[in-house]
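These are my notebook entries on one protein structure. I record what I looked up, entry by entry.

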Amino acid sequence: MEKINILWADDEIELLKPHILFLREKGYDVSTANSGDDALDLVKEQSFDIVFLDENMPGISGLETLVKIKQLRNDLPVVMITKSEEEHIMEDAIGSQISDYLIKPVNPNQILLSLKKILENKRLIREKTSSAYQQEFRHIGMTLSERLSFVEWKEVYQKLVFWELELGRSREEGMEEILRMQKSEANVLFSKYVANHYQDWLNGKDPLAPLLSHTTFKNRVVPEIDKGETTFLVLIDNMRYDQWKVMQPIISEYFKVETEDLICSILPTATQYARNAFFAGLMPSEIEKRYPKHWLNDEDEGGKNMHEEFFMQEQLKRLGKDVKSSYTKVTNFQAGKKLAENIPNLMQNKFNAIVYNFVDMLSHARTEMEVIRELADDEKAYRSITVSWLEHSPLLDILRQIADKKARLILTTDHGTIRVTEPSKVIGDRNTNTNLRYKQGKNLNYEKRDVYEVRNPSDIYLPKQHVSSSFVFAKEDKFFAYPNNYNYYVNYYRNTFQHGGISMEEMLIPFITLSTK
């Protein structure tokens, strides 16, 4: 282990020789200073791992020295030592970001405990996290070997995300790699599970079928509206479960989570299918049949999500909910600011639906913009950008206002997204859609092992554009690539975040109900 360098500043440093000898015998390197000025000179000249700082020294005080140390090196841990227990001194020190606070007289073991707590805390947490995941790894592996129900798949995915976040925080890279492999194995099995059960879910042949996009509004949103308070539904497009988990601490400052569940996106896990199904309470082929003027297929020109408010109002009518409601779609910063200003007016409604498009834009920008590609080059960075966005977005102001007005809140999404790594060759005619995770068209040619194929779209309630149209959905982290310009295409899209196919990240999506604190 590298020697840890300690700076101890105290005007009575001679009296602390036994403590200093004790630390040196324990393998620590200790430098001393008799005043705040001397301590600052040493901090400028040398690299220290921690500073012990007497609060009451002649010349510049310990608190003044603390402020100047933090200006020089904000990341340097400082332990304040004082004879006084006066509250204002403690508050000043804590406000200046001390790492620990000790009252004189201190004994050597107190000092040692403080050192270990501050400097070895990360290592101890990392080792404990790594050990705990090793045990969980075996348990998850055994679970994956069984025939799992949808509820059990939800539990597996929640565990994998939990450990992904824990190992990410502890920066245990070796374990993170093992987790990635286990998650990949889980996605292989999950893709098979969906391919085997999906049609039965839609046809009512599976009593254990999950809540799907088109059944969620009726079964989960309407019961919230019925509770009587003003209810806000905020659908953050393309939000994964792990993104919810890193946003949760921020949102939990204003709301308490009542229920946290995972529902299932329909296929394709793409906005024009999943979100229309959510608001209409119908599968895509049913929407096309009932509202032909309001449905556009992949090869049709025009926006594919222009009628969500109409679909929502039609569904409310069908369900006998004659309530005053609103629908707002936010696709840019200015629209978010405008909505924030309008929240007081929306409180007069029984129900307000808000579609917030940021995460979807981030996903597409991740593909198209080089700067975003560099900022979000892996899962951890992708989550980090999501948190940063929320902290500085109008959405946080909107959520604060909803909390202040004591309204109920539902947070959900239409589908998730997955980082794709493996290309899979596909050939189609010029009318084949451009999505990298699903293809619809005539005479499609593809690698059968890489896809879930549906030769007759009506079997899974999707519109049939042509007599010979079929759908294929990429499994796991595959993405479709055409043979012409293959290498350029693969290099451009590999490690980008895509949606439309079958994976836990795309299909197992959060549905959260919250109430104000």
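Across which strands does helix 13 lie? I found that helix 13 (residues 308-318) lies across strand 8 and strand 9, running at about 155° to strand 8. Helices (H or I, at least four residues) and strands (E, at least two) are DSSP runs, numbered from the N terminus. Angles run from 0 to 180 degrees between N-to-C directions, with axes fitted to C-alpha atoms, for helices over the stretch in contact.

I noted that this is a predicted model, in which local features need pLDDT of at least 70, side-chain atom pairs count only at pLDDT 80 or more, and totals for chains, interfaces and linings use all residues. Residues are numbered from 1 along each chain as its sequence is written, and side-chain values use heavy atoms, without hydrogens and water.

I then looked up the sheet. It is open, with 6 strands in the order 7-19-10-6-9-8 and mixed pairing; two strands pair if DSSP finds at least two bridges between them. Strand 7 (255-264) and strand 8 (325-330) each have a single partner strand, so one side of each is left without a neighbour in the sheet. Strand 6 (residues 231-236) runs parallel to strand 9 (residues 351-356), and 6 bridges join them. I236 stands opposite Y356 in strand 9.

My last entry concerns R240, in the loop between strand 6 and helix 10 (241-251). R240 counts as buried because its relative accessibility is 0%, and buried means under 20% relative accessible area (1.4 Å probe, protein chains only). Its side chain reaches the backbone oxygen of T417 at 3.1 Å.

How values were computed. Contact means heavy atoms within 4.5 Å. Buried means under 20% relative accessible area, exposed over 50%, partly exposed in between (1.4 Å probe, protein chains only). A polar contact is a pair of N or O atoms within 3.5 Å; within protein, one must be able to donate a hydrogen and the other to accept it, and residues adjacent in sequence count only if both atoms are side-chain atoms.
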